[in-house]
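Reader: I have the sequence and the model open side by side. Could you walk me through them?

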Amino acid sequence: MGVRGGVRPPFGTAVVRGRSMLPTLREGDLLLVRHGARPRPGDLVVARFADGTLTVKRAVEERRTRSGAAGWWLLSDNPGEGVDSRHRGAVPEGEVVGVVGMRVWPTPRMGRRLRGR
C-alpha cells in the first residue's frame, strides 16, 4: 500500500495474515482495497492501530475514541484470535485506510459474502 509521488492510488491490495477473520478470510487471501472510502457498518476495512500495525477488521459501528474524536469500533470475525477494538478501543476515523471491496485470490468473492452476517 505504498504511495508514489505523494498521491495515493484509489485502489490497493492487502494480504491477510493470521486467523482473526476466519471464517470470512483466511491467511494469504489477497484483498482489493478502496483507499479513502467511507465504511458502513458491516464492511471489512484496513485500518492502522496506534502502534502502526495495519489490520483487516470488520467495522461494527461508529464510536468516539478515548480523546473524543470520531472513530470506528472494529472487531475480528473470529473473536478468539487477534487484537481488535475490545483490546485497543475505537480506531480514529482517519486511521481507517480503506474499505475491502473484494477478495481477489485464491477465488474471487465480494458483496454480501464479505459483509456482516
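Author: Happy to, and please keep in mind that this is a predicted model. A good place to begin is with contacts between residues at least 6 apart in sequence: in the chain, 52% of them join residues at least 24 apart.

Reader: What pattern does the chain follow along the sequence?

Author: The secondary structure comes to one helix and eight strands. Read along the sequence, these elements follow the pattern β-β-β-β-β-α-β-β-β.

Reader: How much of the chain counts as buried?

Author: The accessible surface comes to about 6,800 Å², and 52% of that belongs to carbon and sulfur atoms. Of the 117 residues, the share that counts as buried is 40%.

Reader: Is Leu 74 buried or exposed?

Author: Leu 74 is found in strand β5, which covers residues 70–75. Leaving aside neighbours within four places in sequence, Leu 74 is in contact with Val 45, Ala 47, Lys 57, Arg 58, Ala 59, Asp 84, Ser 85 and Val 91. Buried means under 20% relative accessible area. Leu 74 has a value of 0%, so this residue is buried.

Reader: And Ser 20, is that one buried or exposed?

Author: Ser 20 has its place in the loop between β1 (11–15) and β2 (30–35). Its contacts beyond four places in sequence include Val 56, Lys 57, Ser 76 and Asp 77. Because its relative accessibility is 10%, Ser 20 counts as buried.

Reader: Which element gives the most to the lining of the largest pocket?

Author: The largest pocket has a volume of about 280 Å³. It is lined by 17 residues, and Arg 17, Leu 54, Thr 55, Val 56 and Lys 57 lie nearest its centre. Two elements, β1 and β4 (54–64), give two or more residues to that lining. The one that gives the most, with four residues, is β4.

Reader: How many residues of that lining are nonpolar?

Author: The lining residues of the largest pocket divide into three groups. Three are charged, four are polar, and the nonpolar ones number 10.

Reader: Which residue follows Leu 22 across a cis peptide bond?

Author: Most peptide bonds are trans. The bond after Leu 22 is cis, with omega near 5 degrees. The residue that follows lies in the loop between β1 and β2, and that residue is Pro 23.

Reader: Which residue is joined to Trp 105 by a cis peptide bond?

Author: Here omega is about 15 degrees. The partner of Trp 105 has its place in the loop between β7 (96–105) and β8 (109–110). That partner is Pro 106.

Reader: How far apart in sequence are the parts that Arg 103 and Asp 29 tie together?

Author: The side chains of Arg 103 and Asp 29 meet in a salt bridge of 3.4 Å, N to O. Arg 103 lies in strand β7 and Asp 29 in the loop between β1 and β2, so the pair ties together parts that are 74 residues apart. Arg 103 is buried at 8% relative accessible area, and Asp 29 is buried too, at 2%. The separation you asked for is 74 residues.

Reader: Which residues do shared salt bridges join into one network with Arg 38?

Author: Arg 38 forms a salt bridge with Glu 62, the closest N and O atoms being 2.8 Å apart. The pair links the loop between β2 and β3 (44–48) with strand β4, 24 residues apart. Salt bridges that share partners join Arg 38 into one network with Glu 62 and Glu 93.

Methods: Residues are numbered from 1 along each chain as its sequence is written. This is a predicted model: local features need pLDDT of at least 70, side-chain atom pairs count only at pLDDT 80 or more; totals for chains, interfaces and linings use all residues. Side-chain values use heavy atoms; hydrogens and water are left out. Buried means under 20% relative accessible area, exposed over 50%, partly exposed in between (1.4 Å probe, protein chains only). Contact means heavy atoms within 4.5 Å. On a 1 Å grid over the protein atoms alone, a cavity is a set of points where a 1.4 Å probe fits but cannot get out, and a pocket is an open set with protein on both sides within 12 Å along at least five of seven lines; lining residues have an atom within 4 Å of a point. Grid points are joined across faces, edges and corners, and a volume is the space filled by probe spheres set on the points. Ala, Val, Leu, Ile, Met, Phe, Trp, Tyr, Cys and Pro count as nonpolar, Asp, Glu, Lys and Arg as charged, and the others, Gly among them, as polar. Accessible areas come from the Shrake-Rupley method with a 1.4 Å probe; for residues, only the protein chains shown count as cover. A salt bridge is a side-chain nitrogen of Lys or Arg within 4 Å of a carboxyl oxygen of Asp or Glu.
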